[in-house]
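Biologist: I am new to this protein. Please pick one part, look at it closely, and walk me through what surrounds it.

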Amino acid sequence: MTDEKKKEFTRRLAQCNASEMIVIQYDIFFTYLEDAFAVFEAGGEPFKQAIRHADAVLERLQNSLDFKYELAGQLYPLYNYSRRQLALAQATHKKKPISNARNVMKKLYDAFAQIAAEDTSEPVMHNAQTVYAGYTYGRNSLNEDMLDGSQQNRGFLA
């Protein structure tokens with residue numbers, strides 16, 4: 001994953017609500033799968049590392065399930081299947097298991113994206129900077145400014 005992508009995900013996470021956070025986790029998962037496909041031919045450690053990162057995202061999603069809800073019982077086996085497919089891809093160095101995992105997760109992603117679009121709850125991080133994009137443009141890129149009137153109130157208080 002490129003540094004630019006990491007910054008984008010960090011910026012999105014700082015301003016998202018709970019539903020959007022799940023969608024962002026899925027986006028991170030798909031980015032790692034794209035990385036795995038990109039280095040598939042070379043194989044070796046970069047391929048295994050991309051698969052491990054994708055598996056770590058699935059593990060995080062799996063561990064965050066709340067089994068008080070019936071949906072968690074339905075999501076857990078799907079996450080588990082996808083994790084097993086990634087392990088198979090890593091062991092056999094084949095693309096098909098990665099595609100299987102991606103197909104399952106894509107269907108879940110579409111559902112969560114639809115839910116997130118309808119969610120109007122507050123952001124998870126209340127004390128984060130707000131990013132405004134589009135006010136000024138650089139020579140080759142869009143400049144982003146972080147403006148917040150309460151800059152002195154950020155961080156931890158002792």
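Modeller: Start with His93. His93 is partly exposed, because its relative accessibility is 33%, and partly exposed runs from 20% to 50%. This is a predicted model. His93 sits in the loop between helix 4 and helix 5. Its phi is near 55°, a positive value in a residue that is not glycine. Most residues other than glycine have a negative phi.

Now the wider layout. The protein has five helices and two strands. From the N terminus, the order is α-α-α-α-α-β-β. Of its 158 residues, 29% are buried. Take the contacts between residues at least 6 apart in sequence: 58% of them join residues at least 24 apart.

The close look goes to helix 2, residues 18-38. Which helices does helix 2 pack against? Helix 1 is one partner, and helix 3 is another.

Two packed helices are described by the angle between their axes and the distance between those axes. Take helix 1 first, residues 3-14. Helix 1 and helix 2 pack at about 170°, and their axes are 10 Å apart. Helix 1 is therefore roughly antiparallel to helix 2, since angles over 145 degrees count as roughly antiparallel. Helix 1 brings Lys5, Phe9, Arg12 and Leu13 to this contact. Helix 2 brings Met21, Ile24, Asp27, Ile28 and Thr31. By class, the contact of helix 1 with helix 2 holds five nonpolar residues, one polar and three charged.

Thr31 deserves a stop here. Thr31 lies in helix 2. Is Thr31 buried or exposed? Thr31 is buried, because its relative accessible area is 7%, and buried means under 20%. Setting aside neighbours within four places in sequence, Thr31 touches Met1, Lys5 and Phe9. Look at Lys5 in particular. Thr31 and Lys5 are 26 residues apart in sequence. In space, their C-alpha atoms are 8.7 Å apart.

Next comes helix 3, residues 44-63. The axes of helix 2 and helix 3 come within 8 Å of each other. They cross at roughly 160°, so helix 2 and helix 3 are roughly antiparallel. The crossing of helix 2 with helix 3 is left-handed. Helix 2 offers a long list of residues here: Ile22, Gln25, Tyr26, Ile28, Phe29, Tyr32, Leu33, Asp35 and Ala36. They meet Phe47, Ala50, Ile51, His53, Ala54, Val57, Leu58, Arg60 and Leu61 of helix 3. Sorted by class, this contact has 14 nonpolar residues, two polar and two charged.

Gln25 belongs to the list from helix 2. What is Gln25 in contact with, neighbours within four places in sequence aside? The partners are Val57, Arg60 and Leu61. Gln25 lies in helix 2. Gln25 counts as buried, because its relative accessible area is 12% and the limit is 20%.

Ser19 is also in helix 2. Ser19 has a relative accessibility of 15%, so Ser19 is buried too. Leaving out neighbours within four places in sequence, Ser19 is in contact with Ile115, Ala116 and Asp119.

Now step back to the core. The largest nonpolar core has 32 residues. Inside it, the residues with the most contacts are Tyr26, Phe29, Tyr79, Leu86 and Met105. Which elements give two or more residues to this core? They are helix 2, helix 3, helix 4 (70-92) and helix 5 (96-118). Helix 2 gives the most, with nine residues. Tyr26 and Phe29 take part in the contact of helix 2 with helix 3 as well.

Follow Met105 to see how the core is joined. Beyond neighbours within four places in sequence, Met105 touches Tyr26, Phe29, Phe30, Leu58, Leu61, Tyr79 and Ser82.

Ser82 leads on to Asn103. Ser82 and Asn103 are 21 residues apart in sequence, yet their C-alpha atoms are 9.2 Å apart in space. Asn103 lies in helix 5. Asn103 counts as partly exposed, because its relative accessibility is 43%.

That returns us to helix 2. It packs roughly antiparallel to helix 1. Helix 2 is also roughly antiparallel to helix 3. And helix 2 is the element that gives the most to the largest nonpolar core.

Key
Residues numbered from 1 in each chain as written. Predicted model: local features only at pLDDT ≥ 70, side-chain atom pairs only at ≥ 80, totals over all residues. Heavy atoms only, no water. Axes fitted to C-alpha atoms, helices over the stretch in contact; angles between N-to-C directions. Helix = DSSP H or I, 4+ residues; strand = E, 2+ residues; numbered from the N terminus. Parallel < 35°, antiparallel > 145°, perpendicular 65-115°, else oblique. Left-handed = near helix turned anticlockwise from the far one by under 90°. Contact = heavy atoms within 4.5 Å. Nonpolar A, V, L, I, M, F, W, Y, C, P; charged D, E, K, R; others polar. Core = buried A, V, L, I, M, F, W, Y, C linked by side-chain atoms within 4.5 Å. Buried < 20%, exposed > 50% of the residue type's maximum accessible area, 1.4 Å probe, protein only.
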